[in-house]
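Please examine the model below, beginning with the ligand and its surroundings. The explanation then proceeds to the nonpolar cores and to one buried side chain.

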Amino acid sequence: MKLLMFGPPGAGKGSVSARIHGKLDIPHIAAGDIVREESKKADSKVKPYMEKGELVPDELIMELVGERLSRDDCKDGFILDGFPRTIKQAEFLEQKGIQIDRVVNLEVDEEELVRRLSGRRMDPDTGEIYNINTMEIPEGVDKGKLVQRPDDKPDVIRNRIGVYKKQTQPLIEHYRGKGVLRDVDANPALPEVVENVLAVLKDA
Ligand code: AP5
């Protein structure tokens, strides 16, 4: 299955994808993770965009994601999380002849998005994502070592939500018109959202 995971910043695209890709036996490819990896390079071109919550230029992200999708593990399907985010990026997939089976559109109230993003913390050793606002941190996890993403600061969060509305939201109608998009209420707790996502994949 070739699946796109859509939704505004903090909707749970990464959390849901991480919990279903094993069940579907396909890789989870997160454009944001690719950008964060790229931003560690000394001559990184993507870092200034990411830090401000702006989209990195289409040509750059298309090259990075295109390379990842060309690898062997993607030939039988994938979950693509955070790509495409512009019409040009969607056209890039179409030009490559990649047929999308399902687009999951995670819908969350804006107030809840801000609560999730401002509470997100990561374990720098394991990469595991937690949330100090919306979830209990499991026993045994050293809260003191959890770190916040630089783009989860309040002013950058506001900009990311604005960028999403302006540049990415129009894609929802693009895919709805193709008949492959399904809306999922992603306001409930994560286990319920995961069940609801799996339900809309049954007929894909
Ligand atoms: P990216 O990392 O993709 O950022 P994003 O879209 O803003 O998405 P997030 O990762 O913030 O949110 P998410 O929906 O995955 O939520 P999560 O599961 O973590 O991109 C970063 C940057 O890279 C962009 O700003 C841009 O610069 C660049 N970039 C990436 N793709 C690009 C592209 N295609 N084109 C150009 N530039 C690109 O959940 C959030 C928190 O909420 C977590 O703490 C989680 O534990 C918690 N949570 C999740 N679900 C629930 C729930 N149901 N209940 C309670 N808490 C929950």
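The ligand is surrounded by 36 residues, a residue being counted when one of its heavy atoms lies within 4 Å of the ligand. The closest of them are Ser15, Glu54, Arg85, Arg120 and Arg160. This is a predicted model, in which local features need pLDDT of at least 70 and side-chain atom pairs count only at pLDDT 80 or more, whereas totals for chains, interfaces and linings use all residues. Residues are numbered from 1 along each chain as its sequence is written, and side-chain values use heavy atoms, with hydrogens and water left out.

By class, the shell around the ligand comprises 18 nonpolar, 9 polar and 9 charged residues. Here Ala, Val, Leu, Ile, Met, Phe, Trp, Tyr, Cys and Pro count as nonpolar, Asp, Glu, Lys and Arg as charged, and the others, Gly among them, as polar.

Several polar contacts (pairs of N or O atoms within 3.5 Å) involve the protein backbone. A ligand oxygen atom lies 2.7 Å from a polar backbone atom of Glu54, and an oxygen atom of the ligand is 3.2 Å from a polar backbone atom of Ala11. A ligand nitrogen atom is placed 2.8 Å from a polar backbone atom of Gly82. Taken alone, the ligand exposes 1000 Å², of which the protein buries 96%; these areas come from the Shrake-Rupley method with a 1.4 Å probe.

Two or more shell residues come from each of helix 1 (13-24), helix 2 (31-38), helix 6 (110-119), strand 6 (129-131) and helix 9 (190-201). Helices (H or I, at least four residues) and strands (E, at least two) are DSSP runs, numbered from the N terminus. Helix 2 gives the largest share of the shell, 4 residues.

The largest nonpolar core has 30 residues, of which Leu69, Leu80, Phe83, Leu93 and Tyr175 touch the most other members. Such a core is a set of buried Ala, Val, Leu, Ile, Met, Phe, Trp, Tyr and Cys residues joined through side-chain atoms within 4.5 Å, where buried means under 20% relative accessible area (1.4 Å probe, protein chains only). Its largest share, 5 residues, comes from helix 4. Another core, of 23 residues, lies apart from it and includes Leu113, Ile157, Ala186 and Leu201.

Helix 4 also holds Arg68. Arg68 counts as buried because its relative accessibility is 15%. Beyond residues up to four places away in sequence, Arg68 touches Pro27, Ile29, Ile34, Asp73 and Cys74, with contact meaning heavy atoms within 4.5 Å.

Conventions
A polar contact is a pair of N or O atoms within 3.5 Å; within protein, one must be able to donate a hydrogen and the other to accept it, and residues adjacent in sequence count only if both atoms are side-chain atoms. Buried means under 20% relative accessible area, exposed over 50%, partly exposed in between (1.4 Å probe, protein chains only).
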